[in-house]
Protein chains: 4
Amino acid sequence: MKIGRQTHRASAICTSNAATIVVRGRDLCEELIGHISFTDHVWLLITGELPSEAQRRVFDAALVAIAEHGLVPSVQASRMTLAAAPEALQGAVAAGLLGCGSVILGAAEDAGRLLHEVVTRTGSSGSTQTAASEVVREYRDAQRAIPGYGHPLHKGYDPRARRLLDVAKQTQVRGRYVEAAEAIDSVLPEITGKPLAMNVSAAIPAILLDAGYPLLALKGAPLLARTASLIAHLLEERSRPIGFVLSHAGAAAIDYDGPKPDGFVADDR
Amino acid sequence: MKIGRQTHRASAICTSNAATIVVRGRDLCEELIGHISFTDHVWLLITGELPSEAQRRVFDAALVAIAEHGLVPSVQASRMTLAAAPEALQGAVAAGLLGCGSVILGAAEDAGRLLHEVVTRTGSSGSTQTAASEVVREYRDAQRAIPGYGHPLHKGYDPRARRLLDVAKQTQVRGRYVEAAEAIDSVLPEITGKPLAMNVSAAIPAILLDAGYPLLALKGAPLLARTASLIAHLLEERSRPIGFVLSHAGAAAIDYDGPKPDGFVADDR
Amino acid sequence: MKIGRQTHRASAICTSNAATIVVRGRDLCEELIGHISFTDHVWLLITGELPSEAQRRVFDAALVAIAEHGLVPSVQASRMTLAAAPEALQGAVAAGLLGCGSVILGAAEDAGRLLHEVVTRTGSSGSTQTAASEVVREYRDAQRAIPGYGHPLHKGYDPRARRLLDVAKQTQVRGRYVEAAEAIDSVLPEITGKPLAMNVSAAIPAILLDAGYPLLALKGAPLLARTASLIAHLLEERSRPIGFVLSHAGAAAIDYDGPKPDGFVADDR
Amino acid sequence: MKIGRQTHRASAICTSNAATIVVRGRDLCEELIGHISFTDHVWLLITGELPSEAQRRVFDAALVAIAEHGLVPSVQASRMTLAAAPEALQGAVAAGLLGCGSVILGAAEDAGRLLHEVVTRTGSSGSTQTAASEVVREYRDAQRAIPGYGHPLHKGYDPRARRLLDVAKQTQVRGRYVEAAEAIDSVLPEITGKPLAMNVSAAIPAILLDAGYPLLALKGAPLLARTASLIAHLLEERSRPIGFVLSHAGAAAIDYDGPKPDGFVADDR
């Protein structure tokens, strides 16, 4: 079954023959393995070019910042999945990544679009502050959440966000996107009446976009970083399992409030 | 419902309060972000310790080597999934990772166990060559595949494997596991009568185990590396889609050989 | 970490003690197993009530209609995943379901919302035809696709859609949602200038919503039905594998159009 | 890249042209939709034949029995995933299915192999009881768990198992596999010294195999049934969310026992 137009039939990422593997135009074994870091390689895979020193430092900082934050829902889902299906580590990693969505972790791309809107608007209006106010008010009017601001634990500010902006400054990557992120940060409390501060999911697109990373690959940063975290948690789950402790505690927190047959009495849990 | 014993109720990876996130005993914002590379951080998450220079170089080399090899089945599954469900990038990444199994990509852990068996056996017998022969013959007698040897494209040798062993040598990480991998490589053709050469899935556990990486996290290396590759392919899929070209070509390669109602004539495809 | 409000802490689907499992208020072993069909049980799980005869017939028809349509992308992704990771059947099913998205298969919920909009609009304007025209024009103005109309293979009409509307008529379930679906079908060619006919993804929400099935569970129908199809394909994959034939054909359809090192010549494929 | 032999290039499940969809040799719209139940259709997809009345009743009973058992780990993983990623219902279903593994829910296939071994052994020895003892002792000697026996909640017996055997008796499907399952049930307490009773994961393969269902599709039964349960839970999650209550309770049950920076004090949770 032919679905959609099929005129484009090419890929520019990799080709190979029996002796040579070419990745983004470079000989994998001769030019890349042993010569560049994994972070360089990821940047090369995604953008087609090796990163500059500053780009690599910013990308490293973003990946380190977003990799791990304890027993978040996706980590719990992943550890429970391994406990139930120990034969497939890849399944447990996949279950964890499926929770990197629009509400948790996946906000980086949405926040990137928000910043991009402010940057574009600034181009015409001249003032980032004004553009930020306009865009935030439009989101509010449309009852859309402001992605990348506010955090359930780090209420005053998210220490990772502040640190990432420092790194952007040190590496001289700081530009229009960081400016937009800070402008939103400054107008948000007044417009919303809530103390919403920039979190890591706005800081990451801010510094990555200023570094020249593509907007459409933004969600890749938390996905890649969390894969590392999930592997660490799954290794721990194999040696010191807590998957069924998590599910027992979860179930015990929930009451049944549906109908019951006559005479049925639930067990003590 | 309580499943299994639940006496162990702790994790040693991360804790946090409103101001500070602690990862493996270190202050994430003060000590890690901006100071270490992503590769360092992954090693820290998995092992609890920062890597030495040699460990980082070997880990970087392994991740770079295994990240990308063109339109392999898992990449195709991932790109088709994004074409059908563009709303969830995480779903397309997950679909790709689910194909990192025992036959493709996931052989690293199985190969690690094979090497471990040879290394253990060598301890008692003294000769790695003898131990390798014994273990390979036992696998053959049990009709088990020899994980990490042979490749559908790189038949003479897998250039990535050779290159990774060079890196292990340069970094002075080369030890008993690489020796075991080479011993298997040398005895395999005679025992099996087939020109099976070491591929990247044996070289990776060989050098990582010699570097002190944990055996039970071996599968994490290809999973992490492939996540990077999938993100690159999915970015390309968003701008230059081929997902439905792949599925059309796949379907066209397969005939229907079941029963048909009277008079039914299939369309030309 | 507390995310969001947590005042609601109950579920109304199932409770149990050592002797009895209660599902939706009924004793699973005494009242359900051996007494009702799986279709009845699914309806009960989702709605809390057992279906009427008509509701069951319509639900059966919808599930039968959407289960199988050959080597669609999600089936190919699933079979390739099993070929690469035969140790985890659940992973191959999951990979297939991840492709039930907004473009393919997952349109049932979007189409349900479209129908709901027409039904709601009809309430005030009186004419379904007028309401359908209005809503379709609004979708067009907003450059939104019309979910549930048009099909790459069944261009004149989708025979499953026609058949499902017959079943709704026979079971006297036909109501405002089917009327809305037919009204859109009749106004669409003129408004769009294209011969877009109702497909199975509009017929299913039309008849299910008229039967009293909840709009927010619409996507469940194709997901459940496709799980059955995936299991059949994976059983076939285990005995007559084609997963790697699919991936070979897919890869062979795509050229590499990126840069190459000097002297690199691709192998014939 | 050609992986493995590719001589077989056919599928016998479905073919179609613009007017007709053929499933297992039958015209989907003329012969199946509106004429058969979903259970019939699943049996047809999997086996190639429509079920007898007894086969359908047994399959219905098995699917109803295994669909729902409250907030088990896979349901929790699924609900947390939807809470974090509400944009992709298919991702939440997939996350739930990934937990249908060898430890939980996926035991049906392993139990089927156990029963098959006893049935095969009985053929030569004559006594099912003797064969069951032999096979169970061999599993014990090899330190393998006995799949399908014992349950964390239903310790005396699993009421679903007993009920399913009743259905098999009523439908006259009861045969060598049920006999094998009961023989294991009777020898197990003495051999293991533990009160392990048959659970639903042994009863399902017993009755399905006696009904002529294929062994290699056994895991499909719990996967299909749980898909229905997951859809019900996800509909509830959309209207009465508990996903983040589950994750908060889970995290609160776990202590951090790794190193901490000087002066770090965890928040009260």
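**View 1. Chains C and D meet through the same surface, since 100% of the interface residues of chain C are also interface residues in chain D.** Keep in mind that this is a predicted model. To lay chain C over chain D, turn it by 180 degrees, with 0.0 Å of shift along the axis; the RMSD is then 0.0 Å. The two copies are thus related as by a two-fold rotation axis. Looking for a landmark? Among the residues of chain C, C:A94 comes closest to that axis, with its C-alpha at 2.3 Å.

**View 2. Chains A and B also get a view of their own, with chain A superposed on chain B by a rotation of 180 degrees.** Here the shift along the axis is 0.0 Å and the RMSD is 0.0 Å. Of the interface residues of chain A, 100% are interface residues in chain B too, so these copies meet through the same surface. The residue of chain A that comes closest to the rotation axis is A:A94, at 2.3 Å (C-alpha).

**View 3. Inside chain A, helix α4 (residues 73-84) crosses helix α11 (residues 220-239) at roughly 40 degrees.** Their axes come within 10 Å. That angle makes α4(A) oblique to α11(A), and the crossing is right-handed. On the α4(A) side, the contact is made by A:S74, A:V75, A:S78, A:R79, A:L82 and A:A83. From α11(A) come A:R226, A:S229, A:L230, A:H233, A:L234, A:E236, A:E237 and A:R238. Sort the contact of α4(A) with α11(A) by class and you get 5 nonpolar, 4 polar and 5 charged residues.

Technical notes. Residues are numbered from 1 along each chain as its sequence is written. Chains are lettered from A and ligands numbered from 1 in the order in which they are written. This is a predicted model: local features need pLDDT of at least 70, side-chain atom pairs count only at pLDDT 80 or more; totals for chains, interfaces and linings use all residues. Side-chain values use heavy atoms; hydrogens and water are left out. Copies are superposed by least squares on the C-alpha atoms of residues with pLDDT of at least 70 in both. Contact means heavy atoms within 4.5 Å. Axes are lines fitted to C-alpha atoms, for helices over the stretch in contact, and angles run from 0 to 180 degrees between N-to-C directions. Helices (H or I, at least four residues) and strands (E, at least two) are DSSP runs, numbered from the N terminus. Angles under 35 degrees count as roughly parallel, over 145 as roughly antiparallel, 65 to 115 as roughly perpendicular and the rest as oblique. A crossing is left-handed if the near helix is turned anticlockwise from the far one by less than a right angle, and right-handed if clockwise. Ala, Val, Leu, Ile, Met, Phe, Trp, Tyr, Cys and Pro count as nonpolar, Asp, Glu, Lys and Arg as charged, and the others, Gly among them, as polar.
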